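Let's take a friendly walk through this structure, from single side-chain pairs up to the contact between chains. Please have the viewer open as you read.

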Amino acid sequence: MSNVTTEKLTFECETGNYHTFCPISCVAWLYQKIEDSFFLVIGTKTCGYFLQNALGVMIFAEPRYAMAELEEGDISAQLNDYLELKRLCLQIKRDRNPSVIFWIGTCTTEIIKMDLEGIAPKLEIEIGIPIVVARANGLDYAFTQGEDTVLASLTQRTNIKNNLNTNIENSFHKPLVLFGSLPESVVNQLTSELHKQNVSVYGWLPAKRYSELPIIEEGFFVCGVNPFLTRTATTLMRKKKCTLINSPFPIGPDGTRAWIEKICFSLGIKPFGLEERERKAWSNLETYLSQIKGKSIFFMGDNLLEICLARFLIRCGMIVYEIGIPYMDKRYQAAELNLLEKTCLEMNVMFPKIVEKPDNYNQIDRIHDLCPDLVITGMANANPLEARGINTKWSVEFTFSQIHGFVNASTILELILKPLTRKFMPESIKTNQYNTTQKS
Amino acid sequence: MYNLNYSKLKKNFLFMKLAYWMYSGPAHIGTLRIASSFKKVHAIMHAPLGDDYYNVMRSMLERRRDFTPVTASVVDRHVLAQGSKEKVINNIIRKDIEEKPDLVILTPTCTSSILQEDLQNFVNRASLETKADVLLADVNHYRVNEMQSADRTLEQIVIFYINKNKKQNTINREKTTYPSVNIIGSFNLSFHNQHNIAELKRLFKDLNITINLIIPENASITDLKLLPKAWFNIVPYKEIGLLTAVFLEKEFDMPYIDITPMGIVETSRFIKKIEKILRIKNFEVNFDNYIEKQTRFISQSAWFSRSIDCQNLIGKKAVVFGDATHAVAITKILVREMGVNVLWAGTYCKYNQIWFRKELENICNEILITEDYNLVAKYITKSEPAAIFGTQMERHIGKRLNIPCGVISAPVHIQNFPLSYRPFFGYEGANQIADLIYNSFTLGMEDHLLEIFGGHDTKEINTINNFNNSLSWTPEAEEELARIPRFVRDKIRRNTENFAKQKNITTITLEIMYEAKELVTKK
């Protein structure tokens, strides 16, 4: 089976009946990333309950986010959205004094057509704090795409004067801005990888603080670090007239190398020592590789990292049956898809089926037929699949772990290996199936 | 077509609230909890992508082995523009074929309910083509919360099947030969429910009462027609099941008991009430001996109340917060069974507040009815109790203030779905609660030793001077302060500083400390 090759990648689209997180979950990592921000989610109890439950313990650490909870009230019609939002934002200003307030629009604000983009500029002047509006709602987006909507809105703010030292003249190439929210240590790792190639990173979107946002001007080069940043890329190209470097994403040693190479070529720099760098990274992974080689994997799809993870794991010697993905932007992910194709050919494995907007019910049927060694899935399906004797890994962990660059490739494999290597469990309890209903 | 009436809708949304955390969830969660508790009932949510996190909660918190029988009929941009059209109907029919459920419940969410689609029409049309019955959950998302909606949904399902069976003449009205009971209100994701039900089963076995039906957990809707066979109903949780019990009383003249058998006193009151009901039905029983034996010899908690250990708890200060059922029961246990001084008890179940106040009016001085955790935190800070009994939120507040907390009510984390047997109901429940309470307070002897020897932490106190900066402490006074057990240190510091301020003293010496202490003790 493993040496079957088809000619092209196949794309399917199912019903969209799949489980994923609501895109407003992006506030969980973005408020931590942008240290002087405050996120105001304008929605209902449903949104609030989701955040509270999905983010678990973080909620108790006095987070810099809150819900503007819309309620039915018998209040006179003299009040309006503007005044209500003003009242809440003044309260936030008083209590937290952030440098920026993000308004996260939800399904409800979409349906009642609350004019957040219209209100924000007026209110901004009145209260003296920038307000960035992002529509991260479940009507249009899935999970990580929430970050995309926030960064796309933030892009519009990148012409604000700030106190960043500009070193455009000092570098040999046109300024390069990288986009995508990553933990500071990963930012430093990737920046220094590029620095070794004489590529200087002019700025990151987002930066650690709102006040440190880079100014982005026409003619800049931009490059994404995550596969779900379609809108941000589009906004940078259309509104800011930047040149997008379309590259695979820096996930796994293969992806990281391809990413750096593509950036170097685009900036007219000749990369050096990358082959050696990649080889070293792979050799560091050897102990893991021997354990996962030949194992099969199934992505149910919920966070858009699926293509690049699958590509990396195929390179590691795994067999990928299916790549479920919420949304497939073939243009933004073009280089990544090419690398996936190339990897399949080189590893001599069949092309995995890419299923956009998957249907979880059908997928579970296919999982029963294929019996993969591992299923990457959301938390709603993980325990029931385990009870049926199928190894699972929560997809969310890939979103919240450090997985970018040469250094962090091992993290991905550790996550993958965890369910595959329950060495100490006696066969008698390991292999029993624990489901309580019979599937007819 | 869905642009209609936005102005009217908007009027209703004008009350915005800044919220960080909530005690009870949105209405549809209640409906889903009921639906997924029944066997072979499938819920279809009319909701945007990502609103199906109930599946995550059920799968993670309860560690369910089966797929949660809840799917979404996704409301996306397309639906927003053109309406659901056949989508909902097709989804219902599809689930009917795939899962062969007995009942499909269409559940609106906050989002979908403002779309004002005629969901009832979808239900009617779908039910023409399905083997399963199809119902639309009748809950107003902006008026009721999780618990109220659960209560309502259970009633709705019971009424539907009673009426259906009435039409088909399949209702079983004949009572069982020997006393039997229905337990109403056991359902998914409730606090220690599984263990409570096991404990109730044990109790009824002891009393020679058979259990006719437990609803909704693990019940089949085809069994609902058997409900009238039982002699009476019990509703152990105040929040869920009352509507159903009231309906059954009206419809079949079935008496019900809504006493929560939590704690020794309430459990015996619960049993006596059963006795009374059975006697009215001309079944002579006397449970006095049983209660006596359980209380004195089988259960340990009555003896514990009498023991010298518990003496150390007398007069200790505690506060209680939780859902109405648990907060009331725990407060009663603390005050009546252990002699603890409950400074105030509170609940977030606003709609139960009349009952709540009535139950506790002679038991504790102050009642707190709020859904705002900040207010609860303020009250706790102000009253400085020796222990808190509350939800996970109070546990975190306690952590911050260095006050121990026993978790007695939802909302809870995964650690409140224990693997081991931990009922709160009945005689074993009373044991568990006694342990929980006792372990939450600093143990008696330890407490004394700490007071005498100034605590076992010899670490320097780190002076987090968020107190009063205008005051300085002499080294001797600082040292004395360090000797005071950590959990009362802040309080002593505050009292001393307040005392000093009143006297216009800027340097706190040993003498001032003792003077302040004397004054406080005198009070």
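## A buried pair to begin with

A good place to start is A:Arg366, which forms a salt bridge with A:Glu322; the closest N and O atoms lie 2.7 Å apart. This pair links distant parts of the chain, with A:Arg366 sitting in helix α14 (residues 360-370) of chain A and A:Glu322 in strand β11 (residues 319-325) of chain A, 44 residues apart. Both A:Arg366 and A:Glu322 are buried. Please keep in mind throughout that the model is predicted.

Salt bridges that share partners also build one network, made up of A:Glu110, A:Glu117, A:Arg135, A:Asp140 and B:Arg77.

## More salt bridges in chain A

How many salt bridges does a search of the whole structure find over all chains? The count is 49. One of them joins A:Arg257 to A:Glu278, with 2.9 Å between the closest N and O atoms. Here too the pair links distant parts of the chain: A:Arg257 belongs to helix α9 (residues 252-267) of chain A and A:Glu278 to helix α10 (residues 274-284) of chain A, 21 residues apart. A:Arg257 and A:Glu278 are both buried.

A:Arg87 and A:Glu84 offer a local example, forming a salt bridge in which the closest N and O atoms are 2.8 Å apart. The two are separated by about one helical turn, because they are three residues apart in helix α3 (residues 81-96) of chain A. Is each partner buried or exposed, and to what extent? A:Arg87 is partly exposed, at a relative accessible area of 38%, whereas A:Glu84 counts as buried, at 4% relative accessibility.

## An enclosed strand

Now turn to strand β4 (residues 100-105) of chain A. Six of its six residues are buried, so the strand is largely enclosed by the rest of the structure. In a regular strand, side chains alternate between the two faces of the sheet. In β4(A), A:Val100, A:Phe102 and A:Ile104 point one way, while A:Ile101, A:Trp103 and A:Gly105 point the other way, and all are buried.

Which strands are joined to β4(A)? Strand β2 (residues 37-43) of chain A runs parallel to β4(A), and six bridges join the two; within this pairing, A:Phe39 has A:Phe102 as its bridge partner. Strand β5 (residues 131-135) of chain A also runs parallel to β4(A), joined by five bridges, and there A:Gly105 has A:Arg135 as its bridge partner. You have met A:Arg135 already, as a member of the salt-bridge network that includes B:Arg77.

## Where chain B meets chain A

The contact between the chains takes 76 residues from chain A and 60 residues from chain B. About 6,300 Å² is buried between chain B and chain A, and carbon and sulfur atoms give 59% of that area.

Four salt bridges are counted between chain B and chain A. In one salt bridge, the side chains of B:Arg94 and A:Asp359 meet at 2.7 Å, N to O. There are also 17 residue pairs in polar contact between chain B and chain A, with both residues at pLDDT 80 or more.

Which element gives the largest share of the side of chain B that touches chain A? Helix α3 (residues 53-61) of chain B does, with six residues. By class, that side of chain B has 28 nonpolar, 13 polar and 19 charged residues.

Technical notes
Residues are numbered from 1 along each chain as its sequence is written. Chains are lettered from A and ligands numbered from 1 in the order in which they are written. This is a predicted model: local features need pLDDT of at least 70, side-chain atom pairs count only at pLDDT 80 or more; totals for chains, interfaces and linings use all residues. Side-chain values use heavy atoms; hydrogens and water are left out. Contact means heavy atoms within 4.5 Å. Buried area is the accessible area (1.4 Å probe) that two parts lose on being put together, summed over both. A polar contact is a pair of N or O atoms within 3.5 Å; within protein, one must be able to donate a hydrogen and the other to accept it, and residues adjacent in sequence count only if both atoms are side-chain atoms. Helices (H or I, at least four residues) and strands (E, at least two) are DSSP runs, numbered from the N terminus. Ala, Val, Leu, Ile, Met, Phe, Trp, Tyr, Cys and Pro count as nonpolar, Asp, Glu, Lys and Arg as charged, and the others, Gly among them, as polar. Buried means under 20% relative accessible area, exposed over 50%, partly exposed in between (1.4 Å probe, protein chains only). Two strands pair if DSSP finds at least two bridges between them.
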